[in-house]
Amino acid sequence: MESKRINFLVIKLDELKKFAKIFLTGIYENLERIIFGSDRYTSLEMRNAILSGTVKIPKTVIEELCIGCEGCANVCPTKAIEMIPTEPVKITENYVKDKIPKINPERCIYCLYCHDFCPVFSVFNEISPIHSRDVGEDYIEVDISKLLQKKIEISEEQINKISSILSINLRRIIKS
């Protein structure tokens, strides 16, 4: 019984030594990459921005194109999207946009649910005003009120499904 116990301890000690070696090697190699830039995968400019904490976060929402429905925030699995108040904008006779989404890049897992679910994209077949990676810097000129008056081909079942996730009733926005 005692010899089995000693063998077990020797095996565990040997595994611990292997783990320590891997751990220390990893620390050394990563510090070497960060400090000396060996095996660099990013540009020197990006490395300096990361080390100084000045990485520019890309634009993730086209505020003018967003209808403020909160659908993106409702489908986000990590709750990385917060709806922030904005100056009220009357979009249709029955609907006023008073908030827009803001993505928290530290919580976002880039699942793209926000983009894919957005009614501007999924219902009206226009460029989505939200994308977790980058919506680009180009200005997009779209008149939302005209967009929402556009005739759409969507089943009543699909409208009910989408409306159940949105915080607003989609029928208030669109005219079939």
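**Close-up views of a predicted model**

**Figure 1. Overall organisation of the predicted model.** Among contacts between residues at least 6 apart in sequence, 61% join residues at least 24 apart. The model is predicted rather than taken from experiment. Its secondary structure consists of eight helices and two strands, which follow the order α-α-α-β-β-α-α-α-α-α along the sequence. Of the 176 residues in the protein, 30% are buried. The accessible surface amounts to about 12400 Å², and carbon and sulfur atoms account for 56% of that surface.

**Figure 2. The largest nonpolar core and its most connected members.** This core contains 27 residues, and the members that touch the most other members are I67, C72, I81, V120 and I130. Two or more residues come from each of the helices α3 (71–75), α4 (113–117) and α6, and likewise from the strands β1 (81–92) and β2 (95–103). As a general background to this view, nonpolar side chains in soluble globular proteins tend to be buried together.

**Figure 3. The surroundings of I130.** I130 belongs to the group of core residues that touch the most other members. Which residues is I130 in contact with once its neighbours within four places in sequence are left aside? The list comprises T60, V61, C72, I81, P101, I103, C114, H115, C118 and V135. Two of these partners, C72 and I81, are themselves named with I130 among the core members that touch the most others.

**Figure 4. A network of salt bridges linking E70, D98 and K99.** The structure holds two salt bridges. In one of them, E70 pairs with K99, and the closest N and O atoms are 3.2 Å apart. E70 is placed in the loop between α2 (44–52) and α3, whereas K99 is in strand β2, so this salt bridge ties together parts of the protein that are 29 residues apart in sequence. In the other, the side chains of K99 and D98 meet with an N to O distance of 3.5 Å. K99 takes part in the bridge to E70 and in the bridge to D98. K99 counts as partly exposed because its relative accessible area is 23%. D98 is likewise assigned as partly exposed, because its relative accessible area is 36%. In general, side chains of opposite charge can pair when their charged atoms come close.

**Figure 5. The aromatic pair F19 and F23 in helix α1.** The structure holds one aromatic pair. The ring centres of F19 and F23 are 6.1 Å apart and the ring planes meet at 20 degrees, so the arrangement is stacked; planes under 30 degrees apart count as stacked. Both residues belong to helix α1 (residues 2–36), and because they are four residues apart there, about one helical turn separates them. F19 counts as exposed because its relative accessibility is 54%. F23, in contrast, has a relative accessible area of 47% and is therefore partly exposed.

**Figure 6. A nonpolar surface patch that includes F19 and F23.** The patch covers about 810 Å² and is made by L13, L16, F19, F23, L24, I27, L31 and I35. One of its members, L16, is placed in helix α1. Is L16 buried or exposed? With a relative accessibility of 52%, L16 counts as exposed, since the limit for that class is over 50%. The aromatic residues F19 and F23 of the preceding view also contribute to this patch.

**Figure 7. Positive phi values at Y110 and L112.** Y110 has a phi near 60 degrees, a positive value in a residue other than glycine. L112 is not a glycine either, and its phi is positive at about 70 degrees. Most residues other than glycine have a negative phi. Y110 is found in the loop between β2 and α4, and L112 is placed in the loop between β2 and α4 as well. Y110 is partly exposed because its relative accessible area is 32%. L112 is also partly exposed, with a relative accessibility of 26%.

**Figure 8. D143 and L65, distant in sequence.** D143 and L65 are 78 residues apart in sequence, while their C-alpha atoms are 7.8 Å apart in space. Where is D143 found? D143 is in the loop between α5 (119–122) and α6 (144–149). Its relative accessibility is 38%, so D143 counts as partly exposed.

Notes
Residues numbered from 1 in each chain as written. Predicted model: local features only at pLDDT ≥ 70, side-chain atom pairs only at ≥ 80, totals over all residues. Heavy atoms only, no water. Buried < 20%, exposed > 50% of the residue type's maximum accessible area, 1.4 Å probe, protein only. Core = buried A, V, L, I, M, F, W, Y, C linked by side-chain atoms within 4.5 Å. Contact = heavy atoms within 4.5 Å. Phe/Tyr/Trp six-rings, centres within 6.5 Å; stacked < 30°, edge-to-face > 60°. Patch = residues over 30% accessible without salt bridge, like charges linked within 9 Å, V, L, I, M, F, W, Y side chains within 5 Å. Areas by Shrake-Rupley, 256 points an atom, 1.4 Å probe, with all protein chains shown as cover. Salt bridge = Lys/Arg side-chain N within 4 Å of Asp/Glu carboxyl O.
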